[in-house]
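User: I'd like to go through this model with you, pocket and helix packing included. Can you start with what the terms mean?

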Amino acid sequence: MERSLETQVDQAVEAWLRWVPRWEPATHRGRIAPCRRCLGSPILSAAGIGANVPHGVQHGLSTRIKTIVDHAVAEYTARNLPMLQSELDQQAARNRARSYRPTEDLEPEFEGLPLDPDPVPGAPFLFTIAGLADESSVELPPLPPLTEDAKAALRQEVALADEYANMVGREICGMLLRHRLNVQAAISQHVEPQIEALLEELTSSLDSPFDPEAP
């Protein structure tokens with residue numbers, strides 16, 4: 001039996017709550033570009049996750065919820081939008097034919113993130129993961145062209161899919177409101193103490209930059 005939307009949201013939040021205690025602050029250089037999935041997300045706002053929460057914590061929940069929305073839209077498309085479904089099937093077949101698929105089977109905390117770090121000026125990469133994936137895509141034949149009428153019909157179906165996605169997203173936002181207290185409690189218990197410890201360590205090192213006994 002297909003799980004209800006409410007059950008899927010409950011399970012996604014529960015999975016995120018089980019993961020949060022394992023979160024640790026990143027020790028590497030952060031990226032400059034903001035995450036388009038998380039920046040200003042109404043999903044995160046509904047769940048009670050503010051913009052000051054570390055991005056890794058945000059991304060783990062937003063990705064899990066996005067998977068639910070994507071699944072709902074995929075079902076709607078399969079039932080009601082045959083032209084868009086045909087295009088998606090063709091694209092899926094192309095993806096399966098690629099010899100290198102680095103974005104597949106990632107954990108929710110990493111899904112949708114850039115494949116490579118930001119480049120360092122004067123230190124070019126010998127190769128990039130994104131570049132290897134692009135080379136794999138170039139090997140595939142192009143999709144068959146569409147007529148102008150077909151393009152117009154496809155655009156209309158895409159608009160309907162987007163409208164349905166927005167409707168599902170709004171419904172999920174309402175469901176997330178009752179999880180706010182648990183979400184915020186998890187952040188207070190597992191995330192904020194680690195951030196405070198980092199700030200305290202930074203303050204200590206700034207107060208005594210030349211102390212030979214400083215860590």
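Analyst: Sure. A pocket here is an open set of grid points with protein on both sides within 12 Å along at least five of seven lines, and a volume is the space filled by probe spheres set on the points. Keep in mind that this is a predicted model.

User: What volume does the second largest pocket have?

Analyst: Its lining counts 33 residues, with R37, K66, V69, D70 and E111 nearest the centre. Helix 2, helix 3, helix 4 and helix 6 each give at least two residues to that lining. The volume comes out at about 1000 Å³.

User: How many nonpolar, polar and charged residues line the second largest pocket?

Analyst: There are 33 lining residues to sort. By class, they split into 9 charged, 9 polar and 15 nonpolar.

User: How are helix 3 and helix 4 oriented to each other: parallel, antiparallel, perpendicular or oblique?

Analyst: Their axes are 6 Å apart and make an angle of about 120°. Roughly perpendicular stops at 115 degrees and roughly antiparallel needs over 145. Helix 3 and helix 4 are therefore oblique.

User: Which residues make the contact between helix 3 and helix 4?

Analyst: The crossing of this pair is left-handed. Helix 4 brings P82, L84, Q85 and L88, and helix 3 brings A74, T77, A78 and N80.

User: Is the crossing of helix 1 and helix 6 left-handed or right-handed?

Analyst: Helix 1 (residues 5-19) packs on helix 6 (residues 148-176) at about 60°, with the axes 10 Å apart. As for the sense in which helix 1 passes helix 6, the crossing is right-handed.

Definitions and conventions
Residues numbered from 1 in each chain as written. Predicted model: local features only at pLDDT ≥ 70, side-chain atom pairs only at ≥ 80, totals over all residues. Heavy atoms only, no water. Axes fitted to C-alpha atoms, helices over the stretch in contact; angles between N-to-C directions. Helix = DSSP H or I, 4+ residues; strand = E, 2+ residues; numbered from the N terminus. Left-handed = near helix turned anticlockwise from the far one by under 90°. 1 Å grid on protein atoms, 1.4 Å probe; cavity = no way out; pocket = protein on both sides within 12 Å on 5 of 7 lines; lining within 4 Å. Nonpolar A, V, L, I, M, F, W, Y, C, P; charged D, E, K, R; others polar. Parallel < 35°, antiparallel > 145°, perpendicular 65-115°, else oblique. Contact = heavy atoms within 4.5 Å.
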